[in-house]
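Student: I have a model open and would like to work through its salt bridges, one helix and the nonpolar cores. Can we take them in turn?

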Amino acid sequence: MDRFIDDLPPMDLMRSEKMMFVQLIIPVESAQRAVSYLGELGLLQFRDLNSDKSPFQRTFVNQVKRCGEMSRKLRFFKEQINKAGLQSSVHPVSGPDLDLEELEIQLAEHEHELIETNSNSEKLRQTYNELLEFKMVLQKAGGFLVSSNGHAVAEETELSENVYSMNDYADTASLLEQDIRAGPSNQSGLRFISGIICKSKVLRFERMLFRATRGNMLFNQAPADEEIMDPVTAEMVEKTIFVVFFSGEQARTKILKICEAFGANCYPVSEDLTKQRQIIREVLSRLSELEATLDAGIRHRNKALTSIGFHLTKWMNMVRREKAVYDTLNMLNFDVTKKCLVGEGWCPIFAKAQIQEVLQRATFDSNSQVGTIFHVMDSMESPPTYFRTNRFTNAFQEIVDAYGVARYQEANPAVYAVITFPFLFAVMFGDWGHGICLLLGALVLIARERKLSNQKLGSFMEMLFGGRYVLLLMSLFSIYCGLIYNEFFSVPFHIFGGSAYRCRDTTCSDAYTAGLVKYREPYPFGVDPSWRGSRSELPFLNSLKMKMSILLGVTQMNLGIILSYFDARFFGSSLDIRYQFVPQLIFLNSLFGYLSLLIIIKWCTGSQADLYHVMIYMLLSPTDDLGENELFWGQRPLQILLLLLATVAVPWMLFPKPFILRKLHTERFQGHTYGILGTSEMDLEVEPDSARQHHEDFNFSEIFVHQMIHSIEFVLGAVSNTASYLRLWALSLAHSELSTVFYEKVLLLAWGYDNLVIRLVGLAVFAFATAFILLMMETLSAFLHALRLHWVEFQNKFYHGDGYKFRPFSFALINDEED
């Protein structure tokens, strides 16, 4: 048997890649190029030899700072390009290769030019805004001022909030206002301040003025005709022009301080209309000149940004790579001569030749006189876990890794999850109509794979696209299980010929007797369509799906236990085979394996035995006569034997292993049996369930408690995990019943009306319910339950998941993380 297993070819993905611990001694002159080439290869994970040093104490900290500064400049360019509404080139533009120093100089020049352009543009914009505000103040404030003929304005606002009509204005006006109307303000001792303020601040500004002057002022306002751009935020702001009339120098000082506090800009306005017109003409002339200057500046700036945008992606990738190279070089140590850098790390065994070739090329390209020394070392650390996956298997591996990364060389559940995961999903989701809908969605994602892989997707779409092949298999298995259940949007079809049953009464649904009568050979594939709508439909389908769930569950749990055997055999742990695998297999199959056998015998013989009664009384009264529940000859003695085996299996799991480990430890400590203990020590180091500690720290009580917890967990889990697989039956029933409700109570009900509008509404509701409830919510529900069955019920039989991922230094991975 052992020879047969050894002769089996290795299964892809079953074990992680074999790793080796290597040491590199790289001359300083070729170190940067060697690490860069290794980053392009992406098959070596460096170990940090300077973990005790802070980032500022490392050798290449200045180069990292330079790269960080260049990254800041590139981010600044990207922000400026986005702010200007331009598009940077997504694909790197080919051009002459630059080294880091040349790029640094070029970026500094571009940044200086952009900052200077922005500063000039901001000053011009501020001057333009001031002139624009001045123009609006001149146009609006002139109407508030008293003309030489003594005309006053039409629009006045009093803080006492008393509004007067124009007819009785002269009778009720205050003395101050009469003075204003009597002649020019300079004759009456009145003065004014005109300006412009944000519209949102006007009410608070007016209230503050009123309080500061104790009401001895007149406030007039009018909305500005144009919105003004804020030079800092580039947003358009609504503003209001105001004129404040007051008397006295003290009031003037207060008003100017309030204007400054509220950010109001004050502009001088002459009372002479001729001067006003002359100033407006000058302002308009300067505004037109500034507009032309601003447009020219924006065109120049956009041209500079466009030229930067063509190379931005290439420069960002280059700086990102250089920074990653120097970060990696900071993980290396100088040797005693300070002429070489020493690095350590992990790489797959298959990559040894590739890494050596890359290092030789780096030595040649850097014209170094000394080559890089590459040699394999022994390590006490557990190696990282690395699985070579492709586009198809990657999603299934990610599902397993979400639970925990496999221990080094541990059996990988993803190999089996490729089939078992979509199949268990389909058992719960089985409907070949819904399966076709999922299949179409998966095919669309796969057909547009190349296009979508280069786009930035939302979180939901990215998750859906990443699992496109999982969705494909789930849809195919759903079609298969839907054909077995004979459900197409809950409607059965006679696909494989006529029914084997007919109704005893007029209609099956009104039957009060046996319901269906068999009159020909069984339906060739799947559930007979005549069960749909019959009186015995639910009892029949419930019995079928419940028993099927138990069979699938026991099969998958047995697979998990068998995989624990292959793990123990691979790691050379004979203890785990004898005192863990064997009793676990016996215990599970003595109870639930036997139940599965009874289910199959009952299906084959058509017996009416009550399996609930058989299993309950097997535990409570194993010696009692089975009576009509006897399915085969010799059932009672077999049940007694299986019960005894299950009882023996529990102490078999619990007691021998801790005591044998203690005996082995004692012999090793006393210096006996050196030859045998070489392998036993390895057993202790790699054994999944033993205390993986050195012999000085051996603690018998800890190991015994750990083994006791593991044994109790398995015994209780055998019952709870089997019951957990009944979710396959429950969710399958729920999905089927929901489909039936939507079909019969929505679509058929609406179709019963001879009205086109009602039919269309019913069809729309049915389509909405199918798409959002059955195809989205039910898909997610079945997916999560299938995930739970794999993570808990299947993987806990053999999978430890306490390893760590192989994370090589790779430029491709760095770019993916940045994106």
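Student: Is Arg-252 buried, partly exposed or exposed?
Tutor: This is a predicted model, and the class is set by relative accessible area. Buried means under 20% and exposed over 50%. At a relative accessible area of 30%, Arg-252 is therefore partly exposed.

Student: Which residue forms a salt bridge with Arg-252, and where do the two lie?
Tutor: Both residues belong to helix α9 (residues 249–261), three residues apart, or about one turn of the helix. An α-helix has 3.6 residues a turn, so residues at that spacing point the same way. The partner is partly exposed, with a relative accessible area of 44%. The closest N and O atoms are 3.5 Å apart, and the partner in α9 is Glu-249.

Student: How many residues apart in sequence are the parts tied together by Lys-135 and Glu-226?
Tutor: Their side chains meet in a salt bridge at 3.4 Å, N to O. Lys-135 lies in helix α4 (residues 100–141), and Glu-226 lies in the loop between β4 (218–223) and β5 (228–229), so the pair ties together parts whose separation in sequence is 91 residues.

Student: In the salt bridge of Arg-788 with Glu-793, is Glu-793 buried or exposed?
Tutor: The closest N and O atoms of this pair are 2.8 Å apart. Arg-788 is partly exposed, at a relative accessible area of 35%. Glu-793 has 0% relative accessibility, so it counts as buried.

Student: Where is the kink in α24 centred?
Tutor: Helix α24 (residues 700–724) has 25 residues and reaches 34 Å from its first C-alpha to its last, close to the 36 Å expected. Even so, the helix has a kink of about 35 degrees. One of the buried residues of α24 marks its centre: Gly-717.

Student: Which residues of α24 are in contact with Phe-587?
Tutor: Leaving aside neighbours within four places in sequence, the contacts of Phe-587 include Ala-646, Ala-649 and Val-650. The list also holds three residues that are among the buried residues of α24. They are Phe-714, Val-715 and Ala-718.

Student: Which residues touch the most other members of the largest nonpolar core?
Tutor: In soluble globular proteins, nonpolar side chains tend to be buried together. The largest core here has 78 residues, and helix α13 (residues 414–429) gives the largest share, 11 residues. Apart from this core lies another of 53 residues, including Leu-24 and Phe-806. In the largest core, the residues asked for are Phe-421 and Phe-587.

Definitions and conventions: Residues are numbered from 1 along each chain as its sequence is written. This is a predicted model: local features need pLDDT of at least 70, side-chain atom pairs count only at pLDDT 80 or more; totals for chains, interfaces and linings use all residues. Side-chain values use heavy atoms; hydrogens and water are left out. A nonpolar core is a set of buried Ala, Val, Leu, Ile, Met, Phe, Trp, Tyr and Cys residues joined through side-chain atoms within 4.5 Å. Buried means under 20% relative accessible area, exposed over 50%, partly exposed in between (1.4 Å probe, protein chains only). Helices (H or I, at least four residues) and strands (E, at least two) are DSSP runs, numbered from the N terminus. Contact means heavy atoms within 4.5 Å. The expected span of a helix is 1.5 Å times one less than its number of residues. The bend at a residue is the angle between axes fitted to the seven residues ending there and the seven starting there. A salt bridge is a side-chain nitrogen of Lys or Arg within 4 Å of a carboxyl oxygen of Asp or Glu.
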